[in-house]
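Biologist: I'd like to learn how to read a protein model, hollows and all. Can you walk me through one?

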Amino acid sequence: MPAPMKEREPATDPTKIFHYTDLQRKKPTRENDPYTYMHGWNNRHQSEVIPGTLPVAQNNPQEVRFGLYTEGITYSAFAAPRAHNYSTYMYRVRPAAAHNGYKKIESKAHIQNCFLSLNPEVETLPEQAEWGPFPLPEDSDKIDFVDGLHTLGGSGDPNLREGMALYVYAINASMEKRAFCNTDGDFLICAQQGNLDVQTEFGMIFLQPGEICVIQRGVRFRIALGPGVEKARGYITEVWGSMWELPDLGPLGGHSLANPRDFLYPVAHIDEDLSGDWAVVNKNNGKYNCLEQDHSPFDLVAWHGNVVPYKYDLTKFASQNATSIDHTDPSVNTVLTAKSRDPNTPLADFLWFGPRWDVASNTFRLPYFHRNSASEFLACLYGEGLGRSDDFQPGGGSFEGGHTPHGGFSEAYVDEMRIQESEPRKILENQMTIMVESSRTFLWTEYARVGCGTTNTRGTDPKVWDTLPDRFSNNPEAKALLKRVKEDKKLMEERSKVYFDDGALKELLNSKTNGC
Ligand SMILES: [Fe+2]
């Protein structure tokens with residue numbers, strides 16, 4: 001007789017699911033996502049608003065249909081090897097070069113991109129740091145993405161094409177008639193609160209908490225609040241001189257972790273009204289300047305290429321972990337990685353900590369005490385996170401620099417350090433936490449250290465470590481054995497003397513002769 005089966009009903013709340021498949025959706029997007037997408041990591045996609053617009057068998061025809069202009073955007077050296085060669089052709093109503101000049105603009109944003117030790121505005125955080133939820137704008141202030149971007153920390157400098165930066169965005173307004181263009185690096189945007197409508201030159205992306213999207217250097221985009229959303233917040237990891245890639249899988253084989261087919265790319269989309277004055281705000285070497293123009297920058301009728309923003313739903317992550325013993329290194333949860341110039345060390349890894357089974361036996365399953373070489377920035381998107389402290393709430397964050405000692409101290413954590421039967425269990429349910437790991441030493445901005453107002457630079461009160469007392473020093477068995485080890489060592493030293501000391505050897509020989 002087969003065991004009675006418990007039927008599984010489709011779930012509806014993506015923040016309460018174990019995995020995307022709990023939703024039993026036939027579509028690759030959540031129910032409230034209004035857009036359609038193309039699938040497949042790193043493809044050379046193509047899309048057109050009006051079928052038949054893309055030139056056939058060539059990129060640069062003498063005359064593009066409807067009098068459109070051909071414009072190319074490159075992302076690599078022209079002659080880069082094929083696997084690293086990135087470019088997209090756009091067929092648009094007006095070329096991006098048609099504008100009314102560059103202007104400087106004022107902004108309420110806190111942008112800092114120079115993370116060199118000689119910059120007095122950035123400093124290390126030698127202790128563990130924790131942030132309560134980063135502040136959202138007051139209702140009296142209208143803050144869009146341009147003004148609501150705040151750098152927390154980073155390493156390197158975009159001018160050198162070397163390094164990375166962490167940001168939070170906190171907004172209560174949509175970008176109206178203005179676009180953003182980051183000429184410094186690639187943004188990995190992770191929504192924490194509030195759905196966003198992300199309009200890119202290549203089409204629309206709907207982004208909601210638990211999803212990420214990547215917008216490459218030089219691509220123009222506009223962020224609007226999703227339907228019914230009054231305030232939104234999220235995290236951004238920007239990489240300079242590198243790009244986000246899927247990690248290699250090694251012995252795992254061809255599938256798992258973030259699967260290539262789950263990366264979604266927009267389809268071509270054109271603004272219905274292309275008229276009106278627009279501003280394109282460029283972030284260039286960490287400073288804003290602005291292009292003014294009398295037409296929409298979102299005027300592509302068709303495009304083809306592989307420099308295209310994409311999105312990924314973190315609830316689709318196919319987690320792998322220990323099925324026999326020991327705690328698997330968190331690198332097994334890498335969603336995307338960005339290479340550094342050191343072939344053995346990534347510049348940045350973006351990690352997933354979502355719901356999963358915990359099944360290792362005869363093992364201390366929780367993260368062991370560690371002083372990892374990497375810097376770790378953690379943030380909870382929703383739910384109870386990793387329960388690090390009362391301050392570790394959705395919308396905040398925590399940081400441990402490379403080799404900062406840390407680990408757990410809760411009663412449950414200590415309780416795990418006992419010999420026990422290990423039952424399979426589901427962990428980290430109803431929450432989503434992300435981590436950005438980097439080989440770099442982070443320097444932190446004034447906004448992160450003080451200005452945001454939610455900083456606690458000693459996220460862990462040293463008193464908590466009192467739950468981890470010295471159980472060795474007064475252990476009578478350990479004491480007796482230490483004494484014995486010392487005596488044995490002395491004895492061994494005396495017996496070993498003959499190998500190295502001619503006098504001792506003579507003595508040994510004499511004693512033997514006398515003995516005969
Ligand atoms: Fe850690």
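Modeller: Let's go from the overall layout to the hollows, and then to a few single residues. Keep in mind that this is a predicted model.

Biologist: Fine. What does the protein span along its principal axes, and how many helices and strands are there?

Modeller: The C-alpha trace spans about 115 × 70 × 55 Å along those axes. There are four helices and 30 strands in the protein. Of its 516 residues, 49% are buried, where buried means under 20% relative accessible area.

Biologist: And how do I read the contacts along the sequence?

Modeller: Look at how far apart the partners sit in the chain. Taking contacts between residues at least 6 apart in sequence, 77% join residues at least 24 apart.

Biologist: Into which domains is the protein divided?

Modeller: Domain 1 covers 15–125 + 134–315, domain 2 covers 320–462 and domain 3 covers 479–515. For domain 1 and domain 2, the C-alpha centres are 27 Å apart. Their contact takes 60 residues from domain 1 and 46 residues from domain 2.

Biologist: Does a database record say anything about that part of the chain?

Modeller: An unreviewed UniProt entry carries the annotation "domain: Homogentisate 1,2-dioxygenase N-terminal" for residues 36–314. In the model, that span is 0% helix and 43% strand, and its end C-alpha atoms lie 18 Å apart.

Biologist: On to the hollows. How does one find them?

Modeller: Rolling a probe the size of a water molecule over the atoms shows where empty space is left. Here, the structure holds two cavities of 30 Å³ or more. The largest has a volume of about 50 Å³, and the second largest about 40 Å³.

Biologist: Which elements give two or more residues to the lining of the largest cavity?

Modeller: Those are β8 (162–171), β10 (186–193), β15 (232–240) and β28 (432–438). β15 gives the most, with three residues. Among the lining residues are L166, Y167, Y235, I236, T237 and F350. By class, the lining has 10 nonpolar residues, one polar and no charged.

Biologist: Why do you place the largest cavity between domain 1 and domain 2?

Modeller: Check who supplies the walls. Domain 1 and domain 2 both give residues to the lining, so the largest cavity lies between them.

Biologist: How does the lining of the second largest cavity divide by class?

Modeller: For the second largest cavity, the count is two nonpolar, four polar and five charged residues. Its lining includes R161, E162, W240, K339, R341 and R440. At least three of the lining residues come from each of domain 1 and domain 2.

Biologist: What about open pockets? Take the second largest: what is its volume, and which residues are closest to its centre?

Modeller: Its volume is about 450 Å³. The lining has 19 residues, and P247, D248, T337, P346 and D349 are the closest to the centre of the pocket. Two elements, β22 and β23 (346–353), give two or more residues each, and β22 gives the most, with three. The classes come out as eight nonpolar, six polar and five charged. Domain 1 and domain 2 each supply at least three residues to this lining.

Biologist: Now single residues. Which residue does the "active site" annotation cover, and where is it found?

Modeller: The annotation, from an unreviewed UniProt entry, covers H327. H327 is found in the loop between β21 (310–313) and β22 (334–339).

Biologist: Why is H327 called partly exposed?

Modeller: The class runs between under 20% for buried and over 50% for exposed. H327 has a relative accessible area of 23%, so it counts as partly exposed. Leaving out residues up to four places away in sequence, H327 touches T363, F364, R365, L366, P367 and Y368.

Biologist: Last one: how do I read phi?

Modeller: Most residues other than glycine have a negative phi. In this model, R161 has a positive phi of about 55° although it is not a glycine. R161 is in the loop between β7 (149–157) and β8, and its 29% relative accessibility makes it partly exposed. R161 also helps line the second largest cavity.

Biologist: Where is L428, and what is its phi?

Modeller: L428 has a positive phi of about 55° and is not a glycine. L428 sits in the loop between β27 (425–427) and β28.

Notes:
Residues numbered from 1 in each chain as written. Predicted model: local features only at pLDDT ≥ 70, side-chain atom pairs only at ≥ 80, totals over all residues. Heavy atoms only, no water. 1 Å grid on protein atoms, 1.4 Å probe; cavity = no way out; pocket = protein on both sides within 12 Å on 5 of 7 lines; lining within 4 Å. Points joined across faces, edges and corners; volume = space filled by probe spheres on them. Nonpolar A, V, L, I, M, F, W, Y, C, P; charged D, E, K, R; others polar. Domains from an automatic or database assignment. UniProt positions renumbered as here; feature names shortened; annotations may be inferred. Buried < 20%, exposed > 50% of the residue type's maximum accessible area, 1.4 Å probe, protein only. Contact = heavy atoms within 4.5 Å.
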